[in-house]
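Me: I am new to this structure and would like a friendly walk through it. Could we take it one question at a time?

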Amino acid sequence: MNPSLIIGGIPFFDAPSEIEGSPYWVDLWTDVNGYKIGLQVKPSSYNSANISIYMGKARTSEEKGHKAFLRDFGGKVFVVMPENGTIPQNVEEAILSEYTLLQQMPPK
C-alpha cells in the first residue's frame, strides 16, 4: 500500500472509515512502535475563508475526538494544511518530535 502523504520521511496512510470521521476526526495515520499519530488534513483555503465556521461546534467536536485518539492510540493528532504538497516547517517539526517520543516509549 502506498502512503497518502510523507512528512519528514514518515509515511501516513488513509485511516479506516471508523477512525476517519467522528469520533476521532483523523484522515491519515501512521504506526510508531505500536502507537498511532493522526493527521487531520485541511485544504489551504480553510485558513481564512472558513475559520469563523470552524470556531464553533465542529471545532469542539474535533478537539474532543483528538483527545480520544490520544487516549485510545497513544499519539497526538495534528491538523495539517499542505500547500503544493508541503507542510509548514513548524508542523513538520512537531510531528517529528512526537514520532521520536513514541519511538522511545515501551512498545504497545
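Me: Let's start with one charged pair: are Lys42 and Glu62 buried or exposed?
Reply: Happy to help, and please keep in mind that this is a predicted model. A residue counts as buried when its relative accessible area is under 20%. Lys42 falls in that class, and Glu62 does too, so the word for both is buried.

Me: How far apart are the closest N and O atoms of Lys42 and Glu62?
Reply: Lys42 sits in the loop between strand S4 (35-41) and helix H2 (46-49), while Glu62 belongs to helix H4. The two are 20 residues apart, and their pair links distant parts of the chain. They form a salt bridge, with the closest N and O atoms at a distance of 3.3 Å.

Me: How many salt bridges are there by this rule?
Reply: The idea behind the count is that side chains of opposite charge can pair when their charged atoms come close. The rule asks for a side-chain nitrogen of Lys or Arg within 4 Å of a carboxyl oxygen of Asp or Glu. Lys42 with Glu62 is one of these pairs, and Arg71 with Asp72, at 3.0 Å between the closest N and O atoms, is also a salt bridge. The count comes to 3.

Me: Which class of exposure does Arg71 fall into?
Reply: Its salt-bridge partner Asp72 has a relative accessible area of 32% and is partly exposed. For Arg71 the relative accessible area is 63%. The class for values over 50% applies here, so Arg71 is exposed.

Me: Which residue forms a salt bridge with Asp31?
Reply: Asp31 is partly exposed, with 43% relative accessibility. Its partner is buried, at 19% relative accessible area, and also lies over the face of Trp29, 4.4 Å from the ring centre. The closest N and O atoms of the salt bridge are 3.6 Å apart, and the partner is Lys36.

Me: Now for the rings: how many aromatic pairs does a search of the whole structure find?
Reply: A pair of aromatic rings is described by the distance of the centres and the angle of the planes. To count, the centres must lie within 6.5 Å. Searching the whole structure on that basis gives a total of 5.

Me: What kind of pair do Tyr24 and Phe73 make?
Reply: Tyr24 is in the loop between helix H1 (17-20) and strand S3 (28-32), and Phe73 is in helix H4 (residues 57-73), so their pair ties together parts that are 49 residues apart in sequence. Both Tyr24 and Phe73 are buried. Their ring centres are 5.3 Å apart and the planes meet at 70°, so the pair is edge-to-face.

Me: What about Phe69 and Phe73: what is the angle between the planes?
Reply: These two residues are 4 apart in helix H4, which means they are separated by about one helical turn. Both Phe69 and Phe73 are buried. The pair is tilted, with 4.8 Å from centre to centre, and the angle between the planes is 40°.

Me: Which residues form one aromatic cluster?
Reply: Phe73 pairs with Tyr24 and also with Phe69. Trp29, the ring with Lys36 over its face, belongs to the cluster as well. The full list is Tyr24, Trp29, Phe69 and Phe73.

Me: Stepping back, in what order do the elements of the protein chain run from the N terminus on?
Reply: The protein chain has 5 helices and 5 strands. Of its 108 residues, 33% count as buried. Starting at the N terminus, the order is β-β-α-β-β-α-α-α-β-α.

Conventions: Residues are numbered from 1 along each chain as its sequence is written. This is a predicted model: local features need pLDDT of at least 70, side-chain atom pairs count only at pLDDT 80 or more; totals for chains, interfaces and linings use all residues. Side-chain values use heavy atoms; hydrogens and water are left out. Rings of Phe, Tyr and Trp (its six-membered ring) pair if their centres lie within 6.5 Å; planes under 30 degrees apart count as stacked, over 60 as edge-to-face and the rest as tilted. Buried means under 20% relative accessible area, exposed over 50%, partly exposed in between (1.4 Å probe, protein chains only). A charge sits over a ring if NZ of Lys or CZ of Arg is within 6 Å of the ring centre and within 35 degrees of the ring normal.
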